Amino acid sequence: MGKVTSKKHEVQASGWLQVADVSPGAANQMWIFDAPDRRPKDGRCHSDEVYVYPRAAMDATSTSPPELLPPNTWHADDSLRRLLTAWLPAPMLAGAEPVLVDMGRAAAGELARWGDACERQPAVLRSFDGWGNRVDEVVYPDAWRQLAAKAASNSLVALPYEQESLARFGANARVVQAALCYLFAPSTATFLCPVAMTDGAARVLTDAGSERQRRDVLSHLVTRDAADAWTSGQWMTERQGGSDVGQNAVVAKRDGGDWRLFGQKFFCSNIGSEVALALARPEGAPPGTRGLALFIVRRDGPDGRRNRYRIDRLKDKLGTRAMATGEVTLDGAHAELVGEAERGFAQMTAMLNITRLHNAITAAAIMRRSIMLATAYAAQREAFGRKLQEHPLHREVLDQMTAQADGALYLTMRMAQLLGRIEAGTADAAEVALFRVGIALAKLYTGKQAVSVASEAIECFGGQGYMEDTGLPRLLRDAQVLPIWEGTTSVLSLDVLRVLRKPEALEAVAGELTRLDAPQRDCALDLARKTSGDESAAAEAAARRLAFTLAGAWMGGLLHQAGNDVQVLSRLSKIFTMTGSAGSH
């Protein structure tokens, strides 16, 4: 290099410069500009004379990235800890707390790193090997396998099925499981979706599977041994029907004592799983949902070779990019009937109750993560002469977000509590009816509001919230699937309306709101009685408003019982009223 002369923080250099490493973030990186006082009249720079700014000088006035995520999300989540302290006996909580503490630590540590790695390197489809043989292999990054191992070893699926855990937690096993999944979910590139489908499959096989299916498949779904653990997919929807699965056209044909499936499945989440549950119509079965049977489709056939289905492509999705979703053509794929052929749709509904609970858990978790990040930023960022958290309007926005997240958490955990009682055989008829209404309400409300809260959190960061390299836009993209997967808001609102037309369901909801002394119960129950009694078209048009009003009243009651102040309840009431009214148009 030529002559160099110091000029305060910069260095004027003559001759050519050789820079060893100019990649972003390199330790020796320098910023290079041409010398403005030596530019010719045409404005072009001299190739042999530049100003070189050492990196240290350029960083002198820069700010380091803010520390936003707490070192342990369990310790930082006062709402979750208060809920479990109130709902679980002290010895039971003491038994669960070590694994909750570890999951909270991991959520801010290795889980976040693995989740980020999966987002940077999503799964890809390898259709053929080097010799032209069809292999249909979904290739995942190592970080995805590490997430799977963490999920298995921490019993995210197994906990409600293990005898040891059931002996320790009883009917509350589902509450403990929900808390673990809630801590796990927001850091892990939507790996809770495979967890949800695996849990749903485990429930179906526990209730309706044959002895061989429980031995050969269920045992892999509920093991803590990561080396032996499988995940399950869910192949329900088809191109022509979507949520209207009664239009499904995939055919199941007898092949001796076995079954073969033919047709196409259009949305197959967790496409690289070892097994999947699929709906198909046996030859000669009636149309509609009555004619659907439920089958296990394994990745490998009985002969040890790949089963006879093709993965046509992986979906190019708005969010949940790390979790591979595909389109499948079944070309005589070997399948095993689960339970009775005529009960396929009913068995699928039991599975949906599980996956809808996990959908609500994920929604509540994304909302809490959004608030954690936005609150931490507000405590550090200065604007207009003071911290963001010191501005009354910004504080109000954060409080509204927190109120929504708290309501979602409590309603979701109430569903986990009810499901645990149902599975343990200790629920009465009213609780069974209450869960039937509540699981649809919890899923539709939390999914919708997760999108709203994630969007609000991004806005709390201003322009930085819109930047991909902050990781914040991923919250919104991943939240957007939650109102869609496992039943859209409108589909589930109509389901709530149908269920409420049964007297026992409306009575169960009324009893729950009365037990909680819910502040909005009279308004909600009046609307429920009126809407369920209206003629069909008017009732359907009001179904969203009804669903949001009931969900709001229920959440308000749960928070009221928990001792939340009037301001939070008032804030929730305003939010729910606006949301419900918007949904009724």
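Is Asp-199 buried or exposed? Select Asp-199 and find out: its relative accessibility is 0%, so Asp-199 counts as buried. Keep in mind as you go that this is a predicted model.

**Stop 1: around Asp-199**

Colour helix H9, residues 192-208, and you will see that Asp-199 belongs to it. Now show the side chains that Asp-199 touches, leaving aside residues up to four places away in sequence: Val-157, Tyr-161, Arg-174, Gln-177, Ile-354 and His-358.

**Stop 2: H9 against H11**

Add helix H11, residues 344-380. The axes of H9 and H11 lie 8 Å apart, and the two helices pack at an angle of about 150°. H9 and H11 are therefore roughly antiparallel to each other. Looking along the crossing, you will find that H9 passes H11 in a right-handed manner. On the H9 side, the residues to select are Leu-192, Val-195, Ala-196, Met-197, Asp-199, Gly-200, Ala-201, Arg-203, Val-204 and Ala-208. They meet Gln-347, Met-351, Ile-354, Thr-355, His-358, Ile-361 and Thr-362 of H11. Sorted by type, the residues of this contact are 10 nonpolar, 5 polar and 2 charged.

**Stop 3: the largest nonpolar core**

Which residues touch the most other members of the largest nonpolar core? Select Leu-84, Trp-235 and Leu-261, which have that role among the 169 residues of the core. Helix H11 from the previous stop supplies the largest share of this core, with 18 residues. Then centre on Trp-235 and show its contacts beyond four places in sequence, including Cys-268, Ile-271, Leu-277, Val-297, Tyr-309 and Leu-330. Lys-265 is also one of the residues that Trp-235 touches.

**Stop 4: helix H5 and its cover**

Move to helix H5, residues 110-120, where Glu-110, Leu-111, Ala-112, Trp-114, Gly-115, Cys-118 and Glu-119 are buried. What covers these residues? Turn on helix H4 (90-107), helix H6 (142-153), helix H8 (173-184) and helix H14 (472-479), which are included in the cover.

**Stop 5: H17 against H19**

Finish with helix H17, residues 521-533, and helix H19, residues 543-561. Their axes come within 9 Å and cross at roughly 150°, so H17 and H19 are roughly antiparallel to each other. Here H17 passes H19 in a left-handed crossing. To display the contact, select Ala-524, Leu-527, Ala-528 and Thr-531 in H17, then Arg-545, Leu-546, Thr-549, Leu-550 and Ala-553 in H19. These residues divide into 6 nonpolar, 2 polar and 1 charged.

Technical notes
Residues are numbered from 1 along each chain as its sequence is written. This is a predicted model: local features need pLDDT of at least 70, side-chain atom pairs count only at pLDDT 80 or more; totals for chains, interfaces and linings use all residues. Side-chain values use heavy atoms; hydrogens and water are left out. Helices (H or I, at least four residues) and strands (E, at least two) are DSSP runs, numbered from the N terminus. Buried means under 20% relative accessible area, exposed over 50%, partly exposed in between (1.4 Å probe, protein chains only). Contact means heavy atoms within 4.5 Å. Axes are lines fitted to C-alpha atoms, for helices over the stretch in contact, and angles run from 0 to 180 degrees between N-to-C directions. Angles under 35 degrees count as roughly parallel, over 145 as roughly antiparallel, 65 to 115 as roughly perpendicular and the rest as oblique. A crossing is left-handed if the near helix is turned anticlockwise from the far one by less than a right angle, and right-handed if clockwise. Ala, Val, Leu, Ile, Met, Phe, Trp, Tyr, Cys and Pro count as nonpolar, Asp, Glu, Lys and Arg as charged, and the others, Gly among them, as polar. A nonpolar core is a set of buried Ala, Val, Leu, Ile, Met, Phe, Trp, Tyr and Cys residues joined through side-chain atoms within 4.5 Å.
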